[in-house]
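Student: I've got a structure here and I'd like to talk it through. Could you help me read it?

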Amino acid sequence: MRTFLRIGPSLMILSLFVLQGCTKPESLEPAKYLPWIAAEDNGLVRTKAVNHVTMRARFLPADYLAYREFMNSDNVSFDTVRKSYACGLSFQVSLQADKSDKVYGNLIQYGLQGDRDFLNRSTVLSFDIQNFISLKYKSKTILPVLSQYEGYNAIANSLSFQVVFQLQDYGCGDVTKDFDDVTLVFEDPYWNLGVNQFLFQKNSLTSIPKLKF
């Protein structure tokens, strides 16, 4: 004897609502787009805490980078600006700690013995980023083609870097069938945080809503 499970109308409506809620939008206006890409649930932000220091790795979509530049530029179209970012995989890596922390209350000064140490650290953070931030892809280590030290924020006690990688499989956003997950690697040079890996799944990188405005 077979037993059939009958689903009532209210449960069907709830199921449809849940399915719709899980569907990612195809496009969003800036007011909704910016919070969407910053939400960890959407897979573009990864965080990790070690020794009271919070490390955050964030994927920066081409639309976001283009919008940021477009809003501060004159006589240039959004599409033109976007093309300049489309072929790169851009990430921001940041470190932040509570200013009241006895060990990490000043990240930029952590472990320094004098002005010479500070100068050496500033040089490394500005010009040797490829030595401590890389991308792991299909068992290969990929170094950034562009990198920038964004500086130290004394109020937030945080510092950040922006790096750009190029992968043939990424295809300027039109990914090939071979495109796969990528892992951003931060090998801490100064703060005793060790080697930290941040996984970004293929599905998250290829299902980002377009920015419309």
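Student: Which strand do four bridges join to strand 5?

Tutor: Quick note before we start: this is a predicted model, where local features need pLDDT of at least 70, side-chain atom pairs count only at pLDDT 80 or more, and totals for chains, interfaces and linings use all residues. Residues are numbered from 1 along each chain as its sequence is written, and side-chain values use heavy atoms, leaving out hydrogens and water. Strands here are DSSP runs of E, at least two residues, and helices are runs of H or I, at least four, numbered from the N terminus; two strands pair if DSSP finds at least two bridges between them. L135 has L184 as its bridge partner, and the two strands run antiparallel, so the one you want, covering residues 182-187, is strand 9.

Student: And what is the bridge partner of K136 in strand 6?

Tutor: Strand 5 also pairs with strand 6 (residues 140-142), antiparallel again, over three bridges. In that pairing, K136 is matched with T141.

Student: Is D63 buried or exposed?

Tutor: D63 sits in helix 3, residues 62-70. Buried means under 20% relative accessible area, exposed over 50%, and partly exposed in between (1.4 Å probe, protein chains only). With a relative accessible area of 7%, D63 is therefore buried.

Student: What about F118, at 34% relative accessibility?

Tutor: F118 lies in helix 5, residues 115-127. Its 34% relative accessibility is why F118 counts as partly exposed.
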